[in-house]
Structure formats: structure tokens, C-alpha cells
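Got the viewer open and a selection box ready? Let's take a walk through this one, stop by stop.

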Amino acid sequence: MSILQNTKKINVILDTDTYNECDDQFALAYMIKSQEILNIEAITIAPYSNKNVNPKESQELSYKEVLKICKWLNFNTSNKVFKGSTDYLQNGYDEDNQAVDKIIEVALKNDKTYIMAIGAITNVALAIK
């Protein structure tokens, strides 16, 4: 009998800028491989800073990277992966997006959800706002 058998799964959202550095790819893979204890509510995409791409391009690169990793790990991305902010609050960005809407939706439906924010905090900040 597994020690996890009677344990309720932990609701999680991963807010990530996956294309920026390899740590996010590992975090995403670890989360997907830990579904026996984690209820993956959403994977939301944040932009990252890099002199070679603007925030909107970085968000798109991270989105594609998440889809690629999910495909490799046979994780169904339907209603799970959401594009987020295309700029930063410090630049005046204050727009709703799929990621913000999903964070709010999940937060309202669950008693507790952990947001693992490992990218720019813009999506989470806008959801709180």
C-alpha cells in the first residue's frame, strides 16, 4: 500500500518563463512526473528579459517550449497551458490575458492552490490585483 494512497493531491499552478534557462524545463518535467501527488491546474507563461528578444517574443518562445516538453512527457495540454503577460508592470503593462484569467479561476474554485512562480511575477501580480 502506497503512503500517498490516502493523501489528497496538492493543487498547483506553474508560472514559468521556460525558454529562458534550463531550470524551468526541469521544474516543469518534475511537476509532470509528480502527478501522483500534484494536481496540475495550469501552466501559465511569463515573459523573460533578454537583450535579444522583447517580452512578447520571449513569452511566445516559452509557450512553445512548454508545449514541446509536455509532448515529450505525454502530458495533455488541453485547457492546461495558458499564454500570459507580454510585458512587465514596470513598463505599464496592465492587461488581462489567458494566464491571469486562469489563475483567478483556479484560485476561486479551490480552497488552496500553490502557485509556483519561477518566472517574472507579472501574471500572479495581475491576478492578485
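Start with the charged pairs: this predicted model holds five salt bridges. We'll call at three stops, including the one between Lys109 and Glu41.

**Stop 1: Lys109 and Glu41.** Select both and show the side chains. The closest N and O atoms of this salt bridge are 3.1 Å apart. Now colour by secondary structure: Lys109 sits in helix α3 (residues 98-109), while Glu41 belongs to strand β2 (residues 38-45), so the bridge ties together parts that are 68 residues apart in sequence. Switch on a surface and ask of each partner: buried or exposed? Lys109 has 52% relative accessibility, so it counts as exposed. Glu41 counts as buried, because its relative accessibility is 7%.

**Stop 2: Lys83 and Glu60.** Select this pair next. Their salt bridge brings the closest N and O atoms to 2.7 Å from each other. Here too distant parts of the chain are linked: Lys83 is in strand β3 (residues 81-83) and Glu60 in helix α2 (residues 55-72), 23 residues apart. On the surface, Lys83 is partly exposed, with a relative accessible area of 26%, and Glu60 is partly exposed as well, at 25%.

**Stop 3: Lys102 and Glu105.** Go to helix α3 and pick out these two residues. Their side chains meet in a salt bridge, 3.0 Å from N to O. How many residues apart are they in helix α3? Three, which is about one turn of the helix. Lys102 is buried, with a relative accessible area of 7%, whereas Glu105 is partly exposed at 42%.

**Stop 4: the loop between α2 and β3.** Before you select anything here, a reminder: most residues other than glycine have a negative phi. Now click on Asn74, which lies in the loop between α2 and β3. Asn74 is not a glycine, yet its phi is positive, about 55 degrees. With a relative accessible area of 72%, Asn74 is exposed. Then move along to Asn79, also placed in the loop between α2 and β3. Asn79 has a positive phi too, near 55 degrees, and its 54% relative accessibility makes it count as exposed.

**Stop 5: the whole chain.** Zoom out and go back to a cartoon. You should be able to find four helices and four strands. Trace the chain along the sequence and the pattern reads β-α-β-α-β-α-β-α. The radius of gyration is 15 Å, close to the 14 Å that the globule rule gives for 129 residues, so the chain is as compact as a globular protein of that length. If you draw a box along the principal axes, the C-alpha atoms fill roughly 50 × 30 × 20 Å.

Try showing contacts next. Among those between residues at least 6 apart in sequence, 73% join residues at least 24 apart.

**Last stop: surface and charge.** Bring the surface back. The accessible surface of the chain comes to about 7,700 Å², and carbon and sulfur atoms account for 51% of that. Of the 129 residues, 41% count as buried. Finally, colour by charge: there are 14 positive and 17 negative side chains, with the centres of the two sets 7 Å apart.

Note on methods
Residues numbered from 1 in each chain as written. Predicted model: local features only at pLDDT ≥ 70, side-chain atom pairs only at ≥ 80, totals over all residues. Heavy atoms only, no water. Salt bridge = Lys/Arg side-chain N within 4 Å of Asp/Glu carboxyl O. Buried < 20%, exposed > 50% of the residue type's maximum accessible area, 1.4 Å probe, protein only. Rg over C-alpha atoms; globule rule 2.2 N^0.38 Å. Contact = heavy atoms within 4.5 Å. Areas by Shrake-Rupley, 256 points an atom, 1.4 Å probe, with all protein chains shown as cover. Lys, Arg positive; Asp, Glu negative; His and termini not counted. Charge placed at Lys NZ, Arg CZ, Asp CG, Glu CD.
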